[in-house]
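Open the model in a viewer and follow the stops below in order. Each one gives a selection and says what is found there.

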Amino acid sequence: MSGSKCRVCREPAIIDLPRHNANFCAEHLLQLCRRQVEKAIKDYDMLSPDDRILVAVSGGKDSLAVWDILHELGYAADGLYIGLGIGEYSDVSYEFTRDFADERGLTLTTVDLRDEFGYDVPTAAKVTKRVPCSACGMSKRHIFDKAALDGGYDVVVTGHNLDDEAAVLFGNTLRWDIDYLSRQLPVLPARDGFPKKVKPLVRLTEREMAAWCIVRGIDYQVEECPMAVGNKHLSYKEALNSIERESPGSKAAFYLEFVDKMAPLLAERRSSERARLLACTSCGAPTTAPDSGDAPVCAFCRLQERTAGVEPVPVEMVLNKKAR
Ligand code: SF4
Ligand code: ZN
Ligand code: ZN
């Protein structure tokens with residue numbers, strides 16, 4: 001960055017952003033990030049000034065940055081952290097989250113999967129014999145939804161950024177997975193049994209969020225989750241990054257134009273899917289009707305049943321098994 005100047009103030013720049021065809025100093029990088037979040041909130045009608053917000057925090061850069069930005073913008077946002085039991089990775093992630101909240105006097109609630117539901121992510125991965133992210137993602141969604149509804153929150157905020165959303169979109173497009181595509185929106189409105197969910201970072205990249213945290217002095221978990229092995233999103237992100245290097249702005253166009261032009265065409269699919277939901281007979285959460293005609297039990301309750309009484313499995317054991 002030596003010698004380059006901020007587009008706004010002409011002071012020395014700290015970051016180049018090819019998709020904006022410009023360089024920025026620390027102050028104007030923060031301004032750009034704030035404005036992108038404000039634009040996303042306004043364009044997609046994400047939040048109202050008096051909303052009670054629950055932020056899903058993981059200790060990574062994105063969730064801490066979105067909590068920081070919303071707090072700065074004056075929103076009332078509490079955090080919820082879920083202890084996934086992924087060894088040292090989870091311990092360190094929790095410490096970053098707790099320190100962040102303590103330093104700012106923010107309210108943080110913690111739910112520990114093993115203490116409260118009797119399993120953790122490595123054990124769930126072993127029992128289900130599927131990639132860990134599948135049981136993990138499902139458990140997180142269930143717990144965040146329930147916590148938001150029980151706690152009287154208006155909306156759940158997640159830290160998904162442009163890279164995350166473009167990678168998921170890329171995967172869903174490669175398979176033309178219409179059901180997933182129809183739901184891949186920056187805002188999912190509240191409906192029976194589900195809280196409203198929003199992603200205020202959809203206009204910002206991973207690199208911009210890392211820069212936000214560095215400039216703001218936010219310490220975050222920099223390690224990748226060890227259980228992400230086999231998660232295809234990482235290879236989709238690499239593929240999109242190589243396209244972005246050749247053609248800056250492609251990633252934003254791919255995702256944001258999908259939201260504006262394609263997603264409205266899938267609205268009918270979204271509503272037909274909604275009609276098929278029933279209440280779980282065990283916990284009351286919405287779930288799809290079983291083909292068999294049995295009583296509906298949601299995936300979270302089924303996972304709890306399958307893992308009941310199973311001794312904790314160390315992370316290494318699940319990973320070594322995958323490597324063989
Ligand atoms: Fe869970 Fe997968 Fe994320 Fe790790 S990478 S926290 S297993 S969803
Ligand atoms: Zn500047
Ligand atoms: Zn249930």
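**Stop 1: M227 and the ligand**

Select M227 first: this residue is buried, with a relative accessible area of 1%, well defined as such because the cut-off for buried is under 20%. The model is a predicted one. M227 sits in the loop between helix 9 and helix 10. For a distance check, pick the C-alpha atoms of M227 and Y119: they are 16 Å apart in space, with the two positions 108 residues apart in sequence.

Now show ligand 1 and the residues around it, which are L84, C133, C136, K140, C225, M227 and A228. Which classes make up this shell around ligand 1? Six of its residues are nonpolar, one is charged and none is polar.

**Stop 2: the open sheet**

Switch to a cartoon view and colour the strands. Six strands form an open sheet in the order 5-4-3-6-8-7, with mixed pairing. At the edges are strand 5 (108-112) and strand 7 (187-188), each of which pairs on one side only.

Select strand 3, residues 52-57. Why is strand 3 described as largely enclosed by the rest of the structure? Five of its six residues are buried, so the rest of the structure largely encloses it. Strand 3 pairs with strand 4 (residues 76-83) in the parallel sense, over six bridges. To see one position in this pair, select R52, which stands opposite A76 in strand 4. Then trace the chain from strand 3 through helix 2 (residues 61-72) to strand 4; this β-α-β crossover is right-handed.

Strand 3 also runs parallel to strand 6 (residues 155-157), and three bridges join the two. Here select V55, whose bridge partner in strand 6 is V157.

Go on to strand 7 and strand 8 (residues 196-198), which pair in the antiparallel sense over two bridges. The residue to pick in this pair is V187, with V198 as its bridge partner in strand 8.

**Stop 3: the second largest pocket**

Display the pocket surfaces and go to the second largest pocket, with a volume of about 320 Å³. Its lining has 13 residues, and those closest to the centre of the pocket are P18, T205, R207, E244 and K251. Helix 9 (206-216) and helix 10 (233-246) are the elements that give two or more residues to this lining. Colour the lining by class: eight residues are charged, three are nonpolar and two are polar.

**Stop 4: G284**

Select G284, in the loop between strand 9 (277-279) and strand 10 (286-288). Is G284 buried, partly exposed or exposed? Its relative accessible area is 44%, so G284 counts as partly exposed. Add C298 to the selection: the C-alpha atoms of G284 and C298 are 8.5 Å apart in space, and the two residues are 14 residues apart in sequence.

**Stop 5: E305**

The last selection is E305, in helix 13 (residues 299-307). E305 is exposed, with a relative accessible area of 56%. Draw a line from its C-alpha atom to that of S4: the separation is 59 Å, and along the chain E305 and S4 are 301 residues apart.

Definitions and conventions:
Residues are numbered from 1 along each chain as its sequence is written. Chains are lettered from A and ligands numbered from 1 in the order in which they are written. This is a predicted model: local features need pLDDT of at least 70, side-chain atom pairs count only at pLDDT 80 or more; totals for chains, interfaces and linings use all residues. Side-chain values use heavy atoms; hydrogens and water are left out. A residue is near a molecule or strand if one of its heavy atoms lies within 4 Å of it. Ala, Val, Leu, Ile, Met, Phe, Trp, Tyr, Cys and Pro count as nonpolar, Asp, Glu, Lys and Arg as charged, and the others, Gly among them, as polar. Buried means under 20% relative accessible area, exposed over 50%, partly exposed in between (1.4 Å probe, protein chains only). Helices (H or I, at least four residues) and strands (E, at least two) are DSSP runs, numbered from the N terminus. Two strands pair if DSSP finds at least two bridges between them. A crossover is right-handed if, with the strands pointing away from the viewer, the path from the first strand over the helix to the second runs clockwise. On a 1 Å grid over the protein atoms alone, a cavity is a set of points where a 1.4 Å probe fits but cannot get out, and a pocket is an open set with protein on both sides within 12 Å along at least five of seven lines; lining residues have an atom within 4 Å of a point. Grid points are joined across faces, edges and corners, and a volume is the space filled by probe spheres set on the points.
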